[in-house]
Amino acid sequence: MTKKKRKQILQLSGLHIFYIILCLLALVPILYALNLSFERGGGALSSGLSLFPKEFTLDNYKNILTQKPFLRWFYNSAVLSFFTMVIAIGFAMVSSYAFSRYRFKGRNGILKLLLLLNAFPQILSMFALFRLLKQMNMLDTKLGLVIIYAGSMCIFSIWNMKGYFDTIPIEIEEASKIDGASDFQLLWKVVMPLARPAIIVTSVMVLIFVWNEYLFSTTFLLNENSYTLAGGLYQLQSNDYTRSWGMFSAAAILVSVPVLIIFFCIQKYMVSGLTAGGVKG
């Protein structure tokens, strides 16, 4: 073995060890939350740092499902996430394809304006959106939040999918037009199947954003039965007298399970869907 080869193996080994240590450190908070969810009592500050429960119990999971409207929060988050994803991706697919394939006056200006609007923090629009929803009688309604979420995530979706459409060879579309495909057939039967990785990944990122969103959901949803999972979890810890870290940890674990399942299902699309959509503009 040459000296150069030996040095390369040592460098790669050191890099792998470094990343393994990082992964183990990242797992510590997750394992600690999992431990608290199965721990009887579940005192986060009174007990020492332990990754394994001393007294195993499922009471925290039972309590969060029976004593709190957790399933209602879960339903609210699922409804908001699904309809936001459908509306945002539906508009973004058509818009991103148009920005990618057609050259029209103001195209670059509109793209830059969308990017600029997306750069502003959400909290800057809080008061204006609150006034609008109040005037339209949409406070404490799912429809009002879906409109806000879909509008904000549509910008991200357009930019991400436009980059992927840019990587699809135009010759494929030209061949389809020669065969007599209409614009709708071209988009639906030719382009969309080729852009499936970007569409799936973008859809999941929109869904996860709404699933975890806290600021708007706690501001515009005023009823406990209207809360999303993020707002409901906050309510579990908002009162010092009823605070239960074990129940909170159990709820956090339950909230994370659907996201993990979705990531495992789409992981083969993740690299191509993100990198191809981010390298061409």
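Here is a short chat about reading a predicted model of a protein.

Me: Where do I start, say with the secondary structure: how many helices and strands does the protein have?
Reply: Start with the overall tally and then the order. This predicted model has twelve helices and zero strands, so to speak an α run from the N terminus onward.

Me: What share of the residues is buried?
Reply: Buried here takes a cut-off: under 20% relative accessible area. By that rule, 38% of the 281 residues are buried. As for the outside, the accessible surface is about 17000 Å², and carbon and sulfur atoms hold 68% of that.

Me: How do I read contacts along the chain, and what percentage joins residues 24 or more positions apart?
Reply: Look at the sequence separation of each pair. Of the contacts with a separation of 6 or more, 72% are between residues 24 or more positions apart.

Me: Which residues does UniProt annotate as "transmembrane region"?
Reply: The unreviewed entry lists several spans, including 111-133 and 245-266. Check such a record against the model: residues 245-266 are 100% helix, with end C-alpha atoms 32 Å apart. Residues 111-133 come out at 74% helix and 0% strand, and their end C-alpha atoms are 27 Å apart.

Me: Can we try a single residue: is Leu229 buried or exposed?
Reply: Leu229 counts as buried because its relative accessibility is 1%. Leu229 belongs to helix H11, residues 229-237.

Me: And which residues does Leu229 contact, leaving aside neighbours within four places in sequence?
Reply: Leu229 touches Phe70, Trp73, Phe74, Ser77, Trp211 and Val255. For a distance instead, take Ser217: it sits twelve residues from Leu229 in sequence, and their C-alpha atoms are 9.2 Å apart.

Note on methods: Residues are numbered from 1 along each chain as its sequence is written. This is a predicted model: local features need pLDDT of at least 70, side-chain atom pairs count only at pLDDT 80 or more; totals for chains, interfaces and linings use all residues. Side-chain values use heavy atoms; hydrogens and water are left out. Helices (H or I, at least four residues) and strands (E, at least two) are DSSP runs, numbered from the N terminus. Buried means under 20% relative accessible area, exposed over 50%, partly exposed in between (1.4 Å probe, protein chains only). Contact means heavy atoms within 4.5 Å. Accessible areas come from the Shrake-Rupley method with a 1.4 Å probe; for residues, only the protein chains shown count as cover. UniProt positions are given in the numbering used here, feature names are shortened, and annotations may be inferred rather than shown by experiment.
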